[in-house]
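Dear colleague,

I am passing on the structure that we discussed, and it is placed just below. My notes on what was found in it follow.

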Amino acid sequence: MCGIIGYIGNKQAKNIILQGLKKLEYRGYDSAGIAVMDEKKITVLKCKGKIAHLEELLKHRKAPIRTHVGLGHTRWATHGAPSKKNAHPHNDCSGNITVVHNGIIENSADLKKSLKENGCHFKSETDTEVIAHLISRFYKGDFKAAFIKALQKLKGSYALGIISIYEPDKIFVARNDSSLIIGVGEGENLISSDIPAILGHTRQIISLRDKQIAAITRNTIDVFNFQGCRVIPKIENISYDIDTASKGNFKHFMLKEIFEQPQILSGLVTRYVSSSGNIKFDHLKIDKKFFKELSNITIIACGTAYHAGLIGKYAIESLVRIPVTVDFSSEFRYRTPVIKAKTLIITISQSGETADTLAAVREAKKNRVKVLTICNTQGSSLTRESDTTIYTHAGLEIGVASTKAYTAQLMVLYLVALYLGNMKGVISKNNLQKFIAELKNIPLAQKKVLTDYKNIEKLAMKFLHFGAFLYLGRNNNFPTALEGALKLKEISYIPAEGYAAGEMKHGPIALIDEYRGVICIVNQSPVYNKIISNVQEVLARGGKVIAIATAGDFQIQNYVKEIIFIPEIDNIFSPLLTIVPLQVFAYCVAALKGYDMDMPRNLAKSVTVE
Ligand code: F6R
């Protein structure tokens, strides 16, 4: 989705903004722009396409721009096609007020109509442009007052960055339902929609809250609510390792992130398991009594995080013996779910800013339920709106296709299941120790899977030409099939469908012929024989199979030639291993096709609009 960066200080704003824009590229965008204030004049440059193009435009300007205040934006089109004219920043008619915006102004059509009737001339088809014109209309010598008046007219979601010749030494920002952070520097300050863009400059941030504005100079940050009353902001330290924002020796972020998984999972076990072998979630803000009396759980998430939630259901139902439902956030928020008093809502999100998941939490909270969030992003909106958070500590995830955040979510879900199971007396201390010992084996087992990289790459080469794929799994590896298929379609653009293998006969078997690549997850499990039958059904119809099987399985070799082995592991935790070759396979297919899997077409890393 769109990205915002802004700078005020004594360095060259345009250089810092360009660097910041590059760090925002991973969010997904189709056009970009920059606005800088140059001796009381605002210069705006924008283009369709990549930031490299914007950089060229800046280089070829006759007069060099020397400025200390500026804004940058990457746009992911919602209102109006990707084009230069629709790219941000947008100006009012006089060119004295310049705006960048993330989010959607829902009443922009009505506002535009009335502004046009009052003589405003619009240059773009965007919803954003109304904001610049509105402020201009309300400006009578007090910029902050005009800004607040304009905000009061807006309906929808927004993170805003604004510069104006009326207040040349300030950046104004506002937030409602879309993330905006202020990077607190020394003699300089930055604004951004997310952390990577400012990481090289400061580790101190203020996360603006909904319905807050700030006026920022190089030395001061003044935060107000929409009534104009001053608010004391909280400055937080961000703990992200700056290396996570670079590719290191890897060709792509996605590959680096796949290879980071063993270390992340090992870190999570160390963090959340005490030396005496108990699970310790030290800062949980829900009391133990509630957990003990809990009668059911609803998990809400989107995309990959939803798939993690599905695996969480298998784990929790088996280890805690309470019912779990899993919902897409976008469905949950618009139906009338039955939420009982002893229900725990678990939300899962890498970014903590996903619009539908946030809205679903707000919907759930109307029923006064407890919400536990499993999240990767410190201080994100979801963590603030939930009763408590367990962090996944996967570090920044830059690749648009989620990999390390997913397995970190799974690890936390397993630990939550063990924690609750033990607390409710379903899991004995002895069994808890056994499960934890098995979880400690996972990082090494993942490393072993990753040593098979070359073999997986060869399979990717062999299967590259297939026009469509079917991924089959059963039981707790049915969601792995969904996730494997999602990874492939996201980054290689090959249609891929995940299915519960037992459902194959009820429809998808019609798709099987010699042109179909079929990936079957056939690890050792109580349903092993069932899925072997499914493999045979696929083979009988000419389908070409890759099997993900457990090391030492000789039976599968009687049927299938193309096999990726995973080390033996308790089946309950197998999704932590079975997904790894599927991530690598998807990566290799995309790489062989020459696609940029870190920034797949049409996708955004953080889905902050509905
Ligand atoms: C897919 C992917 C998405 C996200 C989904 C939710 O690879 O990354 O499906 O999982 O958009 O995002 P978060 O986890 O940030 O709520």
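In these notes, contact means that heavy atoms lie within 4.5 Å. This is a predicted model, in which local features need pLDDT of at least 70 and side-chain atom pairs count only at pLDDT 80 or more, while totals for chains, interfaces and linings use all residues. Residues are numbered from 1 along each chain as its sequence is written, and side-chain values use heavy atoms, with hydrogens and water left out.

Leaving aside neighbours within four places in sequence, Arg541 is in contact with Ile509, Ile512, Asp513 and Glu514. Of these, Ile512 is 29 residues away in sequence, yet its C-alpha is 6.2 Å from that of Arg541. The side chain of Arg541 also has a polar atom 2.9 Å from the backbone oxygen of Glu537.

Turning to the pockets (a pocket being, on a 1 Å grid over the protein atoms alone, an open set of points where a 1.4 Å probe fits, with protein on both sides within 12 Å along at least five of seven lines, and lining residues having an atom within 4 Å of a point), the largest has a volume of about 1000 Å³, taken as the space filled by probe spheres set on the points, which are joined across faces, edges and corners. Its lining comprises 37 residues, and Arg271, Tyr272, Gln378, Tyr391 and His393 lie nearest the centre. The second largest pocket holds about 510 Å³ and is lined by 27 residues, with Cys302, Gly303, Thr304, Lys605 and Val607 nearest its centre.

Best regards

Conventions
Polar contact = N/O pair within 3.5 Å; in protein donor to acceptor, adjacent residues only side chain to side chain.
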